[in-house]
Amino acid sequence: SRQALAGLCLGFIALSTPVFAQCDPGEILIRFSHVTAETGHPKGEAALLLQTRVNEEMDGRACMEVYPRSQLFNDDDVLPAMLRGEVEMAAPSLSKFGAYTPQLQVFDLPFLFEDILAVEEFQNSDAGQELKESMVDDGLLGLEFWHNGMKQLSANVPLVDPADADGLKFRVQRSAVLMAQIEALGGEPFPMAFSAVFDALQSGDVDGQANTWSNIYTQGFHTVQDGVTETNHGIVDYLVVTSVEWWEGLQPDIREDLAQILLEVTHERNRFAFELGELNKIRVRQEGATIRILDDNEREAWVSALAPVYDQFRDEIGADLIQAAQAAEG
Ligand code: LMR
């Protein structure tokens with residue numbers, strides 16, 4: 001019947017349409033693209049809060065549409081798309097900027113940061129803040145750093161000793177430093193979009209992966225792996241980024257209000273990234289996955305196995321920058 005058809009159509013629209021206010025004519029459209037879950041995830045929650053505040057407080061002047069879960073672009077495509085004016089904001093992980101600057105690779109060095117507080121301290125230092133402008137010549141401007149958390153390692157076999165990773169295929173983010181880490185372990189790195197990882201793990205195309213508790217839980221990686229080893233060997237953090245051309249083209253009052261809301265959202269949500277990670281770790285455990293905790297000797301073996309990566313990238317990244325990051329204690 002017509003009624004049933006109307007119901008079906010409404011259901012379809014409700015399922016397929018992202019949740020945001022219709023933009024009014026005359027409002028500046030701000031499309032924000034990202035790849036993770038919308039809720040229960042540090043980036044997803046921060047993007048939602050940003051959308052709510054912009055749409056309430058800048059109503060009539062600006063309008064934000066958040067596209068999560070790689071709906072609009074994956075991380076390989078989003079920065080070129082931004083430079084073409086097809087999206088205004090994104091928050092790729094700091095591992096995804098290698099084509100634009102070698103400096104952000106500092107965040108990918110193994111066992112560099114003790115915890116997320118050390119990451120916060122480094123990002124807020126002069127050296128950290130300068131990194132936001134490291135891609136301006138390429139047309140990209142970093143606005144704020146957003147936290148996710150420390151990275152853990154998993155595979156379809158138990159990982160306790162670094163030798164356990166020998167010969168395994170690992171999905172990595174597209175970063176030369178992350179690839180070199182897997183090679184230092186005798187493994188084979190496979191760069192792959194975030195949205196493809198679950199299927200690749202499930203089908204056995206790759207054996208393992210490295211990611212945060214929030215990414216592992218919201219993507220279900222733990223359900224297709226032999227447990228997760230709590231290595232805390234690196235971080236996944238984000239740079240909220242925009243195009244210089246678009247940003248400079250905004251009217252000053254719009255740019256200032258947007259920057260202020262983004263700053264407040266950053267402070268508000270970054271405080272909760274660690275807690276959200278711990279909650280997601282508990283959920284991983286409650287779903288029956290094994291979590292392997294390393295003792296000091298076991299951890300030291302991973303630190304030593306990955307240490308050669310520093311020599312490979314010291315010149316490219318800059319010894320001073322690495323030292324500034326090492327000095328941050330949190
Ligand atoms: C990944 O590709 O593993 C992460 O960068 C995804 C994300 O945005 O946290």
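Hi everyone, one bit of vocabulary before we start: in this talk Ala, Val, Leu, Ile, Met, Phe, Trp, Tyr, Cys and Pro count as nonpolar, Asp, Glu, Lys and Arg as charged, and the others, Gly among them, as polar. Please keep in mind that this is a predicted model.

Let's begin at the ligand. The shell around the ligand has six polar, three nonpolar and one charged residues. You'll find Val35, Thr36, Lys43, Ser93, Asn148, Gln173, Phe194, Asn211, Asn215 and Val236 there.

Lys43 takes us to helix α2, where it is among the buried residues, along with Pro42, Gly44 and Leu50. The buried residues of α2 pack against β1, β2, β4, α8, β9 and α10. How far apart are the end C-alpha atoms of this helix? They are 22 Å apart, and that agrees with the 22 Å its 16 residues should span at 1.5 Å a residue.

Now over to α10, which covers residues 252-286 and holds phenylalanine 274. Is phenylalanine 274 buried or exposed? It counts as buried because it has 20 C-beta neighbours inside 10 Å. Leaving aside neighbours within four places in sequence, it is in contact with Ile116 and Gly149. Its C-alpha atom is also 8.2 Å from that of histidine 147, although the two residues are 127 apart along the chain.

Last stop, the strands. β5 and β6 pair in the parallel sense over four bridges, with phenylalanine 170 opposite proline 189 in β6. Between these strands the chain passes through helix α6, residues 176-184, in a right-handed β-α-β crossover. β5 also pairs with β7, again in the parallel sense, over two bridges, and there arginine 171 stands opposite glutamine 209. Thanks for listening!

Methods
Residues numbered from 1 in each chain as written. Predicted model: local features only at pLDDT ≥ 70, side-chain atom pairs only at ≥ 80, totals over all residues. Near = placed C-beta within 6 Å. Buried ≥ 20, exposed ≤ 12 C-beta atoms within 10 Å, placed from the backbone. Contact = placed C-beta atoms within 7 Å. Expected span 1.5 Å × (residues − 1). Pairing = 2+ DSSP bridges. Right-handed = clockwise from strand over helix to strand, strands pointing away.
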